[in-house]
Amino acid sequence: MSAPETSDAAVAAAELARLRAEAEAAEAQLKAAQARAALAAAEAEAVKAAHAGKTEEIRETEDVSGPIAPPDGGSPPIREVTPMTDAAPTGPLNADEVAAIVAGYTFDAPTLDLGALVNGEPDASAQVRIPLGMMNRHGLVAGATGTGKTRTLQGLAEQLAARGVPVFAADIKGDLTGVATPGEPSEKLLARTSAIGQDWKPEASATEYFALGGIGKGVPVRATVSGFGPLLLSKVLGLNATQESSLGLVFHYADAQGLALVDLSDLRAVLTYLTSDEGKPQLRELGGLSAATAGVILRELITFADQGADVFFGEPEFEVTDFLRTVADGRGIVSLLEVPGVIDKPALFSTFLMYLLAELFEILPEVGDLDKPKLVFFFDEAHLLFRDASKDFLAAIVQTVRLIRSKGVGVFFVTQTPKDVPSDVLAQLGSRVQHALRAFTPDDAKALRATVGTYPNSGYDLERVLQELGTGEAIVTVMSEKGAPTPVAWTRLRAPQGLMSPTTDPAIEAAVKASPLLAKYGTAIDRESAREVLTVRMNAAADAEAAEQAALEKAKVAAELAKQQAVLDKQQAAAERKAQQEYERLLKKTSGTTRTSRSAQKSPLEQVLGSKSTQTILNGVIRGIFGTGRR
């Protein structure tokens with residue numbers, strides 16, 4: 001057997017051993033839950049007997065704070081308990097309520113461990129879990145700043161990845177990068193994890209870092225305007241129905257003319273061309289697109305670009321299937337979108353999320369309910385997604401969240417208070433991890449009461465408990481395997497196995513350089529697109545117009561010269577006529593004078609030529625030339 005085959009066999013054997021161990025652990029947990037339920041029933045009967053004035057000795061399998069069965073698998077120890085009295089329970093829940101929670105969080109299918117029940121003190125035997133197959137039913141992680149939301153997100157992401165489920169998380173503040181580095185043990189940490197029954201050990205997850213358009217550390221993520229599409233872009237821009245339809249016509253025109261819309265400057269170039277003198281005839285041919293509407297869209301695009309969204313659009317376009325990868329040992333990859341540089345650009349952040357969800361919904365096939373999701377999204381600081389969002393934008397989110405579950409994708413929103421998430425979106429969520437809430441103002445108190453009103457009935461005074469939760473504690477209710485909500489449980493959550501502080505910048509930069517995706521997306525491509533094509537076209541039109549204008553100017557100058565020449569000719573003719581008239585007048589005036597006087601008026605040349613001697617000489621010369629002198 002070759003070395004690769006031996007390695008594969010070893011991995012398969014290890015995986016089989018792990019699955020068997022998990023099955024045995026699940027079976028042991030089921031037996032423990034059954035024992036706890038029996039114990040709770042016995043205690044309930046004892047309480048009733050005590051209130052009726054009876055005193056009797058009862059026997060029970062084990063104290064609630066101790067193990068259900070000894071490690072060797074033998075019979076559980078039996079101990080005598082003194083007669084029950086009317087003493088209050090040690091926590092807010094009685095034995096029946098504790099037993100109901102234990103039963104409600106006992107599942108046959110694989111699960112993710114959230115933590116242990118808190119009933120005054122943590123109860124390691126009462127574990128709170130969520131079925132792995134229910135992670136695509138969406139959820140909410142909420143709580144005030146500093147209550148442990150990010151650590152909850154990190155713990156869930158680690159467990160999902162360990163079970164072969166890829167994870168995507170928008171890391172707004174960079175707090176999640178520690179998932180890529182093994183955690184650091186401490187006495188306080190180990191005491192906490194031991195109290196809730198967590199066998200903690202440091203472990204890192206396979207992690208990829210991404211950055212929008214190259215802003216920040218990570219593999220650049222870009223999309224083309226054509227790939228983004230007119231529908232989603234119109235919703236991001238907040239266009240009305242008429243403007244949305246008009247934008248669709250612009251995309252249709254660009255496609256018909258072979259004009260590639262790569263970035264926002266390409267779309268602006270098309271709109272500018274269509275509203276120019278050269279493009280107006282084609283604008284009229286489109287039908288339904290007025291110059292005023294095109295101008296509105298153009299202004300919205302400029303505003304959108306000024307918010308920083310232009311860096312997101314470009315090539316190479318990111319393929320969202322690269323978020324669905326696993327590593328060689330079967331673990332899912334945690335993809336972190338590092339966006340601290342765009343936290344003040346909510347339009348850019350929201351645009352990417354909507355595009356990503358829309359692309360996944362478009363390309364993924366219908367799969368129904370799977371044993372585990374294909375991908376789970378965690379949207380940290382979810383209020384940025386909904387800030388200043390239009391109604392159409394919210395409607396698109398609601399529709400996507402509602403339908404993408406059938407594609408095997410789970411969506412978890414992470415925010416400070418449930419009121420940050422629209423009610424139509426909350427209605428689609430199946431699981432909730434609610435950390436502490438603060439009520440310092442009347443508005444806060446009102447929001448707190450509204451939050452309490454959304455929970456199922458429980459044994460807690462939730463309005464008080466939600467303000468008393470410690471860091472790393474939460475009120476939990478999830479969706480069971482049967483699709484019903486589990487009992488409300490005050491839970492002390494598990495600690496992440498990765499580092500609970502950011503990974504160092506050099507480590508992140510090294511991971512980015514080593515990423516196989518960097519060669520694919522690292523270098524931006526600036527190919528010929530609509531802007532360049534239309535620039536050439538408009539330059540050619542400008543050159544033709546300039547040549548035509550020059551010809552017109554030349555013709556105008558020639559006409560002006562001809563006009564001036566005609567005026568000069570007319571003036572010269574008039575002057576000649578006037579001279580002729582003057583000459584004739586003088587001739588007429590001198591026609592009656594004597595020969596002597598006329599001769600006296602002749603010039604010397606005229607007198608010589610007119611003399612008789614000159615005439616004789618000329619006659620002789622003429623006869624000699626023409627041969628008449630011989631006759």
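Arg432 lies over the face of Tyr455, at 4.3 Å from the ring centre, and a comparable placement of a charge over a ring occurs where Lys407 lies over the face of Phe361, at 4.8 Å from the ring centre. These positions, like every value that follows, come from a predicted model. Tyr455 also belongs to a nonpolar core of 53 residues, which includes Met135, Leu336 and Leu448 and is separate from the largest one.

The chain as a whole gives the setting for these details. Its 631 residues are 41% buried, and its secondary structure consists of 22 helices and 14 strands. Among the contacts in the chain with a separation of 6 or more, 75% are made by residues 24 or more positions apart.

Twelve of the strands can be followed through one open sheet, in the order β4-β3-β14-β13-β12-β5-β11-β10-β6-β9-β7-β8 and with mixed pairing. Its edges are formed by β4 (121-131) and β8 (219-221), each of which pairs on one side only, and neighbouring strands are turned by 30 degrees against each other on average, direction ignored. Strands of a sheet pair through backbone hydrogen bonds, in either a parallel or an antiparallel sense.

Starting from the β4 edge, strand β3 (residues 111-119) runs antiparallel to β4 and is joined to it by eight bridges, with Thr111 having Pro131 of β4 as its bridge partner. β3 also pairs with β14 in the antiparallel sense, over three bridges, and here the partner of Ala116 is Arg492 in β14. The next step in the order leads to strand β13 (residues 473-477), which pairs with β14 in the antiparallel sense over four bridges, and Val476 stands opposite Ala489 in β14. Strand β14 (residues 489-493) has four of its five residues buried, so this strand is largely enclosed by the rest of the structure.

From the sheet we can turn to the nonpolar interior. The largest nonpolar core holds 80 residues, of which Phe168, Leu233, Leu267, Phe312, Phe352 and Phe413 touch the most other members. The element that gives the most to this core is helix α11 (residues 346-363), with nine residues. Leaving aside residues up to four places away in sequence, Phe352 touches Phe168, Leu212, Val221, Phe312, Phe323 and Leu337.

Aromatic rings offer another way of tracing how parts of the chain come together, and there are 17 aromatic pairs by the rule applied here. In one of them, the rings of Phe168 and Phe377 have centres 4.7 Å apart and planes at 50 degrees, so the pair is tilted, since planes between 30 and 60 degrees apart are classed in this way. Because Phe168 lies in strand β6 (residues 167-171) and Phe377 in strand β10 (residues 375-379), the pair ties together parts that are 209 residues apart in sequence. Both Phe168 and Phe377 are buried.

The pair of Phe228 and Phe313 is edge-to-face, with 5.2 Å from centre to centre and 80 degrees between the planes. Phe228 lies in helix α5 (residues 225-228), whereas Phe313 lies in the loop between α10 (291-306) and β9 (334-338), so this pair ties together parts that are 85 residues apart in sequence. Phe228 and Phe313 are both buried.

Finally, ring pairs link Phe168 and Phe377 into a cluster with Phe210, Phe318, Phe323, Phe379, Phe413 and Tyr521. Within this cluster, Phe168 and Phe413 are also among the residues that touch the most other members of the largest nonpolar core.

Notes. Residues numbered from 1 in each chain as written. Predicted model: local features only at pLDDT ≥ 70, side-chain atom pairs only at ≥ 80, totals over all residues. Heavy atoms only, no water. Core = buried A, V, L, I, M, F, W, Y, C linked by side-chain atoms within 4.5 Å. Buried < 20%, exposed > 50% of the residue type's maximum accessible area, 1.4 Å probe, protein only. Helix = DSSP H or I, 4+ residues; strand = E, 2+ residues; numbered from the N terminus. Contact = heavy atoms within 4.5 Å. Phe/Tyr/Trp six-rings, centres within 6.5 Å; stacked < 30°, edge-to-face > 60°. Lys NZ or Arg CZ within 6 Å of the ring centre and 35° of its normal. Pairing = 2+ DSSP bridges. Axes fitted to C-alpha atoms, helices over the stretch in contact; angles between N-to-C directions.
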